[in-house]
Amino acid sequence: MNDQDQTSLLVSNLHKEFKLPHERKNTLKEWILHFHHPTYEYLHVLKDINFEVKKGEFFGIVGRNGSGKSTLLKIISGIYQPTHGTVEVNGTLTPFIELGIGFNPELTGRENVFLNGAIMGLTRRETLAKYQEIVNFAELEKFMDQKLKNYSSGMQVRLAFSIAIQAHNDILLIDEVLAVGDANFQRKCFDIFEDIKEQGKTVIFVTHDMHSVQRFCDRGLVLENGNIKLVGTPTEVANAYQEINLTASSKEEKKVSKRLQKTDVRVKIVEYNKKAQKLRFEIAYKNQDRKKVYVGFSIVKDGTTIGELNSVGKENSNPSGRLEYILDTTQLNPGYYEIAAGLIGFENRQLLKATEEWAKFNVLGYDESRGAAMNLPDNWIVK
Amino acid sequence: MKLSIIFRPANRSLIRELVTSDFKLRYQNSILGYFWSLLRPLFLFGVLYVVFTKVIRVGEAVPYYPAYLLLGLVLWTFFIEATLSGMNAITGRGDLIRKVSIPKYIIVLSTNISALVNFTFNMMIVFIFMILSDVPFRWTILAAPLFIIELVVLTLALSYLLSALFVKFRDFSHIWDVVLQVLFYAVPILYTLTFPPKWIAQIISINPLTQIFQDVRALMITPEVLTTQELFGSQLGRIIPMLIIVIISVVAVWYFRRSSHNFAEEL
């Protein structure tokens with residue numbers, strides 16, 4: 001086999017520009033009545049994208065919302081045409097970017113399997129041969145003759161996913177399907193991904209979830225504002241993605257620095273020394289009522305509070321105040337964290353005000369052996 | 001576009017699923033669904049029949065006028081159903097086109113096939129009616145499908161053209177409504193070509209629909225139907241309308257292929 005055969009997907013010099021008219025002319029009448037030259041705005045969504053996916057690779061594409069990854073996926077799958085550049089696909093490509101396309105609530109589950117299968121590019125004979133497998137995987141044996149509108153959303157997703165994985169093509173495009181379904185079904189999906197990976201199929205996988213990038217991908221790329229920031233190993237990808245998130249969230253913080261109200265509290269990051277792994281943040285408050293107050297903060301990861309501390313013992317009745325705290329981030333695993341703060345009345349222990357904006361920070365790095373928030377030391381003793 | 005692409009198994013299955021699901025959705029809530037769909041055209045036929053045989057005696061110009069009228073209405077029903085559903089094919093399937101790369105022409109084609117299936121059912125009723133009204137059987141009936149094919153080519157070409165135009169200009173549905181209304185009277189559906197003065201009849205006969213309708217009727221019902229060829233006294237009466245269909249088809253294919261790349265972005 002020569003090099004040519006090894007390439008599954010080759011994207012070269014790809015640009016995509018959307019031409020947005022300032023006033024959209026949707027009717028012939030408008031075209032005839034307003035014959036002056038229309039003005040356009042050009043939106044350069046993808047800029048000079050170059051990458052190659054090898055045969056059998058599990059390739060991740062990550063990027064924040066609006067970074068152009070959906071557009072890239074649509075161009076790869078042939079839904080959009082590139083403005084410049086080429087996309088070369090070696091083999092057949094599963095052309096879908098979403099599950100359950102064409103599902104009709106008025107048709108039965110069975111009818112939808114055949115309709116959706118045909119849209120995915122399966123022949124009727126192929127769908128017929130795989131029908132039982134689809135039904136079994138979706139665990140919907142008893143419901144196939146019911147109309148789809150009577151299905152729960154979870155059941156619909158299960159059915160859609162079960163059909164999609166049967167569309168056996170050389171290259172699979174998967175776009176964040178994992179965000180749906182219950183834990184049990186998600187585990188099954190992951191098993192399927194392991195299978196697909198073992199079968200040596202080429203998979204292009206678009207996601208926000210760095211854990212799945214680490215778990216499945218061989219390589220990946222990070223998109224930022226339509227540019228490729230990096231093409232590299234999963235760890236490099238995960239780090240680059242976190243860096244983008246960090247700079248983006250600090251930009252957002254600058255935007256919202258408003259003046260404090262009568263009774264208000266605000267939290268902001270003062271300094272993050274990544275080398276020393278020390279995060280210094282500040283809680284500022286205003287207390288017009290002149291009652292005794294103290295402050296408190298919570299550190300949150302993935303919606304779960306992982307630590308709380310208040311300043312009881314340092315309460316006072318000043319009209320305003322500022323406190324700083326230095327957090328040792330070696331206690332934390334890599335990931336995305338938020339800090340919420342509150343102003344609390346000393347007499348009745350009542351929360352007077354909570355911060356509207358939370359401070360955000362990222363602990364960089366990636367470590368396969370660690371999960372959740374607490375950084376457990378490697379104190380294994382092998383016996 | 002190679003014609004063989006349409007007949008690839010995956011594309012055939014796609015057409016089949018689109019057509020069958022369309023039928024299931026249309027007639028699912030009643031076994032009599034199809035017969036309900038006949039109610040409107042049959043009622044129209046009844047009204048026109050009474051008006052044109054009892055009130056204004058247009059019907060006396062040709063033998064078997066009721067069969068002539070019914071066949072005309074059935075052909076016309078196919079024409080409007082095919083072009084209207086064809087025009088809406090792309091915009092109506094925006095959910096598909098934005099999310100999956102499937103051949104767009106198949107979506108338009110499937111709407112016309114649906115209309116053709118309905119047309120086939122309706123033709124059964126025409127046959128029954130012809131037997132009941134003692135229309136003599138002639139072997140020329142076997143040639144009628146040739147002109148039906150011509151009609152299908154015309155509706156397909158118009159469907160491709162209209163569906164692409166409709167993506168860009170959303171007022172095309174109103175325009176096409178008006179055109180259909182004019183055509184209903186500009187094509188001899190209710191009357192015969194012997195009725196208007198000859199020069200008007202000749203103008204009417206340039207329209208491919210007139211040529212097709214008259215040829216099909218002459219082959220199926222009675223040779224006394226005045227065809228466009230007889231009206232012009234030469235094959236020109238067929239060649240001109242067919243040429244118009246060829247021109248529409250070429251324009252339609254060119255325009256549809258040119259604009260279909262951008263459907264996903266414009267929808």
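**Two helices and a chain contact**

Let's start inside chain B, where α3(B) passes α9(B) in a right-handed crossing (the near helix is turned clockwise from the far one by less than a right angle; anticlockwise would be left-handed). This is a predicted model, in which local features need pLDDT of at least 70, side-chain atom pairs count only at pLDDT 80 or more, and totals for chains, interfaces and linings use all residues. Residues are numbered from 1 along each chain as its sequence is written, chains are lettered from A in the order in which they are written, and side-chain values use heavy atoms, with hydrogens and water left out.

Helix α3 covers residues 65–92 of chain B and helix α9 covers residues 208–220 of chain B; their axes lie 10 Å apart, at an angle of about 140 degrees. The two helices are therefore oblique to each other (neither under 35, over 145, nor 65 to 115 degrees). Where they meet, α3(B) offers residues including B:L75, B:W76 and B:F79, while α9(B) brings among others B:F213 and B:M220 (contact means heavy atoms within 4.5 Å).

Now step out to the neighbouring chain. The contact takes 30 residues from chain B and 34 residues from chain A. Together the chains bury about 2,600 Å², 60% of it on carbon and sulfur atoms (accessible area, 1.4 Å probe, lost on being put together and summed over both). Three salt bridges are counted between chain B and chain A (a side-chain nitrogen of Lys or Arg within 4 Å of a carboxyl oxygen of Asp or Glu). A:R124 pairs in this way with B:E17, the closest N and O atoms being 2.6 Å apart.

Key
Axes are lines fitted to C-alpha atoms, for helices over the stretch in contact, and angles run from 0 to 180 degrees between N-to-C directions. Helices (H or I, at least four residues) and strands (E, at least two) are DSSP runs, numbered from the N terminus. Buried area is the accessible area (1.4 Å probe) that two parts lose on being put together, summed over both.
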